[in-house]
Amino acid sequence: MTEIIVYTARKIRTMNPSMPEATAVAVRDGMIVETGTVETMQPWLEAHPHRIDDRFSDHVIMPGFIDPHLHPSLAAVLLPCHFITALEWKLPDRVSPPVQGHNAYLDRLTEIEQSLDDPGEPLVTWGFHKIWHGDVNRQTLNGVSKTRPIFVWQRSFHEIIANDAAIDWMKLNRDDLERHPQIELATGRFFETGLSVALEGMKDYLYAPARFRDGLEQVKRVVHFGGHTTIGDMAVPLVDLDREWPLLLDVIERDDTPFRVQMIPRAIARGGSMGRENEQLDRVRGLTALNTHRLQFQNGVKLFTDGGFYAELMQLQEPGFIDGHHGEWLTPPEMVEGLAREFWNAGYRIHVHCTGDLGVELALEILEKLQFERPRFNHRFTIEHFGVSTPEQVRRIADLGAFVSANIYYLHELGDAYWKHSIGFERASQMARLGTVARHGIPTALHSDFIMAPAQPLNSAWVAVNRISESGAVLAPEERLTIDQAMRAITTDAAYILGMEHEIGSIRAGKKADFTVLEADPYETKPEVLRDIPIWGTVFEGRPAPL
């Protein structure tokens with residue numbers, strides 16, 4: 001019989017209201033046998049072979065952190081790129097220093113271009129944002145190089161800017177590009193569905209096995225570095241499942257991977273159409289045949305309403321954007337409704353990408369129709385991202401039994417910038433209005449949408465608890481979460497939103513032995529330094545995995 005291992009700790013925060021604190025947890029075969037103290041679990045220890053492991057005696061154990069909305073394949077494509085970002089980015093293997101100002105951006109881009117030995121190697125950068133970096137277009141990039149393909153990936157994943165050499169390198173028909181509604185050939189801008197056209201031209205380079213594998217290995221380090229034991233890949237595939245899946249298996253489905261991934265497929269393939277009746281439903285159902293121990297398709301599906309938040313392409317109700325531009329739909333509204341109905345009637349858990357309040361409005365209108373046509377309880381329809389919203393929409397979310405999974409990092413990086421340049425103070429300061437959500441009792445998770453935010457749950461919790469912007473200002477303090485609410489949003493509530501609450505999210509008998517091991521107690525730490533708590537590492541299914 002497998003022996004029981006008892007991990008002792010200075011404190012165990014179980015996130016189980018019936019026993020919120022403990023000092024020992026007994027584990028066997030990757031599952032929790034009992035939580036409590038060494039004394040209370042003596043009947044188990046007297047009856048079975050066991051050993052005491054005191055390595056965490058000076059540490060605090062919490063349930064393994066969960067990010068229910070992260071994109072391993074997207075991150076694997078972007079991490080090998082050259083980062084030029086407005087704010088500092090800390091990754092396990094490097095730090096990207098902040099670059100702000102138009103000239104500073106171009107100087108850094110030119111420096112990178114001149115450092116490349118192969119004159120034919122494409123230069124792909126990530127992190128551009130016009131608020132910090134000014135106007136960059138096809139002509140600007142031609143000024144850096146007329147011969148090297150240059151791709152500038154906007155701070156969101158939703159937009160790319162290419163020079164002439166890059167457009168030619170992708171072998172795209174310029175007449176077709178001129179006719180595409182979400183491509184501006186004059187500026188070299190490919191956005192939303194236009195990005196899919198660019199990705200088709202870039203995919204042989206982006207998915208080159210050595211490059212993509214290196215990106216996935218970096219993702220693996222990033223996920224572990226943040227203290228995760230479960231993540232959700234919220235939109236599978238990124239572009240091409242046949243290219244992505246074999247390398248996901250090789251890199252993630254290994255004994256040295258201390259986390260699992262719930263794979264949430266797209267309701268419709270990127271750039272696809274509805275097809276025959278139930279065609280998309282049949283496709284998604286068939287994906288469960290791919291399941292492995294760490295990579296699992298269950299019963300979730302992802303839909304998209306409006307455009308990227310960092311790209312300022314979210315759809316807004318009046319008064320819209322200060323400069324008068326409009327947002328974009330990622331999926332035509334009538335198609336969103338048709339897909340939602342197909343998967344709702346089949347009993348799926350529906351996650352809807354909504355970044356602006358008009359995107360939220362569309363999702364809620366569809367949910368109201370579906371509830372009228374075919375009522376469901378415990379449906380877990382989830383609003384993903386939740387950038388701009390209204391207080392009234394929060395009440396409707398509660399009335400309709402929906403959930404929220406928020407990218408709270410928007411508030412930190414974009415709060416000041418969007419106040420002064422995009423949507424004004426009132427709406428910018430109230431991004432991700434999680435205090436209102438909590439007051440309505442709506443289950444809420446915090447996510448990174450990595451690489452849209454750092455894959456660091458404690459950092460997300462820090463923003464949610466403090467609402468501190470880039471400048472240090474506190475924006476809409478009424479929308480702050482408590483420490484307990486924030487910690488639940490990266491453990492128990494995140495598990496609930498993924499439909500995995502019976503397996504993970506708290507520390508109790510019968511659940512998987514997934515723990516995040518900290519060097520300080522979040523509940524006894526000043527809120528303003530919550531993100532600075534050192535992480536020792538994790539325990540995944542009973543096996544310690546130090547950083």
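**Exercise 1. Strand β11 and its neighbours**

Which residue in β13 is the bridge partner of Glu159? Work this out in the predicted model, and then describe how β11 is paired and how its faces are covered.

*Solution.* Begin with the pairing on one side, where β11 is joined by three bridges to strand β13 (residues 189-191), the two strands running antiparallel. Within this pairing, the residue of β13 that partners Glu159 is Phe191.

Next, turn to strand β10 (residues 150-154), which pairs with β11 in the antiparallel sense over three bridges. In this pairing Trp153 is opposite Ile160 of β11, and the two strands make a hairpin that leaves four residues between them.

Finally, consider the faces of the strand. In a regular strand the side chains alternate between the two faces of the sheet. In β11 (residues 159-162), Glu159 and Ile161 lie on one side while Ile160 and Ala162 lie on the other, and all of them are buried, so that both faces are covered.

**Exercise 2. A strand between two partners**

With which strands does β22 pair, and where does Thr516 find its bridge partners?

*Solution.* Take strand β4 (residues 50-63) as the starting point: its pairing with β22 is antiparallel and runs over four bridges, and here Thr516 of β22 is the bridge partner of Met62. Then take strand β23 (residues 535-540), which is also joined to β22 by four bridges in an antiparallel arrangement, and in which Thr538 is opposite Thr516.

As a last step, look at the burial of β22 (residues 515-518), where Phe515 and Val517 on one side and Thr516 and Leu518 on the other are all buried, which leaves both faces covered.

**Exercise 3. The open parallel sheet and Glu384**

In what order do the five strands of the open sheet follow one another, and what surrounds Glu384?

*Solution.* The order is β17-β18-β19-β20-β21, with parallel pairing. The edges are formed by β17 (300-304) and β21 (444-446), each of which pairs on one side only. Neighbouring strands are turned against each other by 20° on average, when direction is ignored.

At one edge, β17 pairs with strand β18 (residues 349-354) in the parallel sense over five bridges, and Phe304 is placed opposite His353 of β18.

Now move to strand β19 (residues 382-385), which holds Glu384. This residue is buried but has no salt bridge, and the nearest side chain of opposite charge, that of Lys302, is 6.3 Å away. A salt bridge requires a distance within 4 Å, which is why Lys302 does not form one with Glu384. Leaving aside residues up to four places away in sequence, the contacts of Glu384 include His69, His351, His353 and His447.

**Exercise 4. Leu79 and the nonpolar core**

Is Leu79 buried or exposed, and which residues of the largest nonpolar core have the most contacts inside it?

*Solution.* First locate Leu79, which lies in the loop between α2 (72-78) and β6 (82-83). Its relative accessible area is 2%, and because buried means under 20%, Leu79 is buried. Among the residues it touches, not counting those up to four places away in sequence, are Leu91, Val222, Phe450 and Ile451.

Then consider the largest nonpolar core, which has 133 residues, and in which Trp153, Phe190, Leu434, Phe450 and Ile451 have the most contacts. Helix α13 (residues 357-373) gives the most to this core, contributing seven residues.

To finish, examine Leu434, whose contacts, again not counting residues up to four places away in sequence, include Phe386, Val404, Ile408, Leu446 and Leu481, together with Arg467 and Glu479.

How values were computed. Residues are numbered from 1 along each chain as its sequence is written. This is a predicted model: local features need pLDDT of at least 70, side-chain atom pairs count only at pLDDT 80 or more; totals for chains, interfaces and linings use all residues. Side-chain values use heavy atoms; hydrogens and water are left out. A nonpolar core is a set of buried Ala, Val, Leu, Ile, Met, Phe, Trp, Tyr and Cys residues joined through side-chain atoms within 4.5 Å. Buried means under 20% relative accessible area, exposed over 50%, partly exposed in between (1.4 Å probe, protein chains only). Contact means heavy atoms within 4.5 Å. Two strands pair if DSSP finds at least two bridges between them. Lys and Arg count as positive and Asp and Glu as negative; His and the chain ends are not counted. Axes are lines fitted to C-alpha atoms, for helices over the stretch in contact, and angles run from 0 to 180 degrees between N-to-C directions.
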